[in-house]
Amino acid sequence: MNLYKYVSDAINATLGTPVNLEVPRNRDFGDFSTNAAMVMAKSAGKSPRELASEIATKLANLPFVADTSIAGPGFINIKLKDDFLIAPEKYNIVTPKSESFVVDLDYGSYNIGKALHIGHLRTTVVGDTFNRIARALGHKTKSYNHMGDWGRPMGLIIAWILEYGMPKNADDINVIYPASSARAKEDKAWLERAQKITVDLQNGNPEYLKIYNEFAPMSLAQISDILVRLNILPFDENKGERLVAEYVPAVQKILEEKQLLVSDAGAVIIPVKQETDTAPMPPVLWRSSTGAQTYAAADLAAIYYRTTTDKPNDIIYFTDNRQNLHFTQVFRAAKMAGMDSANLQHIGFGTITGADGKPFKTRDGDVPSLHQMVDMVADSVRARATESGKELSDKTIEIIALAALKFNDLMHDVKSDYVFDVDSVTQFEGRTGPYILYTAVRLNAVVKKAKDMHVLANTDIKTLQSEERNLLLRAMDFERVLENAFAQRATDMIANYTYDLCQLINTFYHNCPILRDDVPENVRAGRLHIVQIARATLLMAIDLMGLIVPDEM
């Protein structure tokens with residue numbers, strides 16, 4: 001349930017007007033507070049404390065309220081009943097579902113012919129987690145991997161294959177594009193050859209299409225391997241530049257009808273600069289001077305396809321901050337063309353850096369692949385486990401490494417840069433993935449032991465200790481956190497909520513014995529019930545981040 005919404009709605013209905021409800025950091029005086037009396041006092045013709053007294057009396061009569069008190073100039077503190085916190089279903093609570101949306105999500109956007117590297121981590125992890133959150137809230141999502149497979153990179157790849165033959169394995173695949181690209185920088189004839197191949201490929205050259213159709217599945221297979229290793233949900237559509245190319249003519253017709261296309265030095269552009277712009281705003285390049293389909297044309301064709309086929313409320317893109325200008329241009333062009341029936345939004349993410357503040361690289365100075373990133377973290381987990389005398393299976397180490405890498409990415413504001421330090425992310429204490437998993441393993445062990453002891457949970461607790469109350473209150477805040485994370489496109493909210501929840505779980509575990517022999521039977525059963533609530537909430541949060549709980553740690 002969304003506890004905040006439930007309490008807020010009940011208070012608003014009682015007072016007949018919307019009021020501001022706050023969650024105090026220190027809940028010793030109340031679980032919620034409001035400054036309603038201070039806001040309404042002037043219009044009511046009363047002093048804030050006088051009005052606060054009247055409001056507090058009304059709120060005290062709500063069935064779930066245990067006590068109200070007045071603090072300072074007129075703040076009203078509200079404390080909830082213990083039995084309401086441990087068993088809200090007894091109050092016949094029905095939480096209405098929020099309005100559901102159709103949401104198209106564009107993340108990944110991998111270039112075939114390239115191994116996924118650290119630069120793909122955030123788009124993959126953040127996009128996947130946001131997708132899971134949206135689905136958990138009942139929204140209908142469609143995830144797209146808008147692959148780079150139809151532009152100059154593909155021309156460079158085909159040029160290389162024509163010269164040296166089809167690659168035999170993943171290592172060969174990953175060498176082709178960097179090698180051909182480097183050659184194009186020094187060899188003008190090679191660049192021009194790749195450019196011509198690109199145009200001919202887009203125009204249906206059968207020889208080039210045959211090479212594409214053989215090469216693309218090989219590249220996609222290796223991309224799939226690392227996505228499976230990272231426990232990423234399969235994309236609903238791997239629909240990239242090639243597959244949206246068929247919608248380019250339809251978009252061009254719209255642009256021509258609205259007289260938005262302008263010839264410029266052999267290229268075709270869409271001017272999108274507005275009078276209010278103070279910074280440079282280049283035009284959208286619709287078609288290059290060589291006659292090739294452009295990156296922007298593919299994005300506009302994709303918007304056309306999605307808005308006419310999926311009819312989404314939102315189309316959300318998760319890419320690097322460096323593409324902010326590109327999406328500003330594309331979104332303006334889409335609006336000018338009347339293709340803005342969906343809310344178009346770009347969520348740009350920051351860079352993963354080393355301690356020197358520069359983009360993270362290996363000790364050899366290379367950009368690490370995602371496989372190398374997982375291996376690097378796994379090696380650190382293995383070393384840390386060995387130091388502590390633990391013997392963990394390779395499967396468990398892989399699971400912990402996955403959590404360390406992904407949680408560390410998710411807990412940062414997606415728009416900000418962050419420093420990656422492998423030794424920090426693999427610690428078993430603090431704001432880390434291993435700490436989250438350790439807490440879940442601990443709760444799983446309690447539930448298993450209770451089952452072996454034939455202890456049954458119930459809600460027969462008369463009075464809750466502060467540690468029990470704080471844990472239940474935070475667990476009941478989960479739905480609100482998910483709704484805020486969705487509304488604000490902020491996956492760090494769920495990661496940091498999960499850490500806070502784990503801290504409360506461990507405080508509860510240390511201060512409130514559960515299965516110890518000297519714990520009264522009714523207290524034991526009640527605390528087991530709290531464990532089950534906390535565990536269910538934690539496991540769902542972990543799953544929404546795409547993490548996996550090991551059997552032991």
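The second largest pocket of this predicted model has a volume of about 570 Å³. Its lining consists of 25 residues, and those nearest the pocket centre are Val23, Arg25, Arg27, Arg474 and Leu504. By character, the lining divides into 10 charged, 8 polar and 7 nonpolar residues. Three elements give two or more residues each to that lining: helix 18, residues 466-475; helix 19, residues 478-487; and helix 20, residues 492-511. Helix 20 supplies the largest share, with 6 residues.

Let me stay with helix 18 for a moment. Of its 10 residues, 8 are buried, and the helix is mostly covered. Which residues of helix 18 are the buried ones? They are Glu467, Glu468, Arg469, Leu471, Leu472, Leu473, Arg474 and Ala475. Arg474 thus appears twice in this account, as a buried residue of helix 18 and as one of the residues nearest the centre of the pocket. The cover over these buried residues includes helix 1, residues 3-15, strand 4, residues 75-80, and helix 4, residues 82-86. It also includes helix 19, helix 20 and helix 21, the last of these spanning residues 521-544.

I turn now to enclosed space. A search of the whole structure returns 1 cavity of 30 Å³ or more, and the volume of the largest cavity is about 30 Å³. Its lining is formed by Leu3, Tyr4, Val23, Arg27, Phe32, Leu473, Asp477 and Arg480. These divide into 5 nonpolar and 3 charged residues, with no polar ones. Val23 and Arg27 line this cavity, and both are also among the residues nearest the centre of the second largest pocket. Leu473, another residue of the cavity lining, is one of the buried residues of helix 18.

Next, the loop that joins two of the pocket helices. Arg489 lies between helix 19 and helix 20. Although Arg489 is not a glycine, its phi is positive, at about 55 degrees. Is Arg489 buried or exposed? Arg489 counts as buried, because its relative accessibility is 9%, below the 20% limit. A second residue with positive phi is Asn231, again not a glycine, with a value near 60 degrees. Asn231 sits in the loop between helix 9, residues 206-229, and helix 10, residues 241-244. Its relative accessibility is 26%, so Asn231 counts as partly exposed.

On the cysteines, the count of disulfides is 0. For Cys502, the nearest cysteine sulfur is that of Cys512, 16 Å away, and Cys502 takes part in no disulfide. Why is there no bond from Cys512? The closest cysteine sulfur to that of Cys512 is in Cys502, and the 16 Å between them is too far for a bond. Cys502 is buried, at 0% relative accessibility. Cys512 is likewise buried, with a relative accessible area of 0%.

Let me move to the hydrophobic interior. The largest nonpolar core comprises 120 residues, and Ile11, Phe64, Leu80, Phe420 and Leu538 have the most contacts inside it. Helix 15, residues 394-410, gives the most to this core, contributing 10 residues. Beyond its neighbours up to four places away in sequence, Ile11 touches Val19, Leu21, Leu59, Leu62 and Ile78. A second core, separate from that one, has 32 residues, including Tyr144, Val251, Leu260 and Ala301.

Leu260 leads us to Ile269, which is in contact with it. Ile269 belongs to strand 8, residues 267-270, and is buried, with a relative accessible area of 12%. Leaving aside neighbours within four places in sequence, the contacts of Ile269 also include Leu261, Val262, Asp264, Pro283, Val284, Leu285 and Trp286. Arg287 is 18 residues from Ile269 in sequence, and their C-alpha atoms are 6.9 Å apart.

Finally, the chain as a whole. The protein chain contains 21 helices and 13 strands. Its C-alpha trace spans about 80 × 65 × 40 Å along the principal axes. Of the 553 residues, 52% are buried. Among contacts between residues at least 6 apart in sequence, 74% join residues at least 24 apart.

Definitions and conventions. Residues numbered from 1 in each chain as written. Predicted model: local features only at pLDDT ≥ 70, side-chain atom pairs only at ≥ 80, totals over all residues. Heavy atoms only, no water. Core = buried A, V, L, I, M, F, W, Y, C linked by side-chain atoms within 4.5 Å. Buried < 20%, exposed > 50% of the residue type's maximum accessible area, 1.4 Å probe, protein only. Helix = DSSP H or I, 4+ residues; strand = E, 2+ residues; numbered from the N terminus. Contact = heavy atoms within 4.5 Å. 1 Å grid on protein atoms, 1.4 Å probe; cavity = no way out; pocket = protein on both sides within 12 Å on 5 of 7 lines; lining within 4 Å. Points joined across faces, edges and corners; volume = space filled by probe spheres on them. Nonpolar A, V, L, I, M, F, W, Y, C, P; charged D, E, K, R; others polar. Disulfide = S-S within 2.5 Å.
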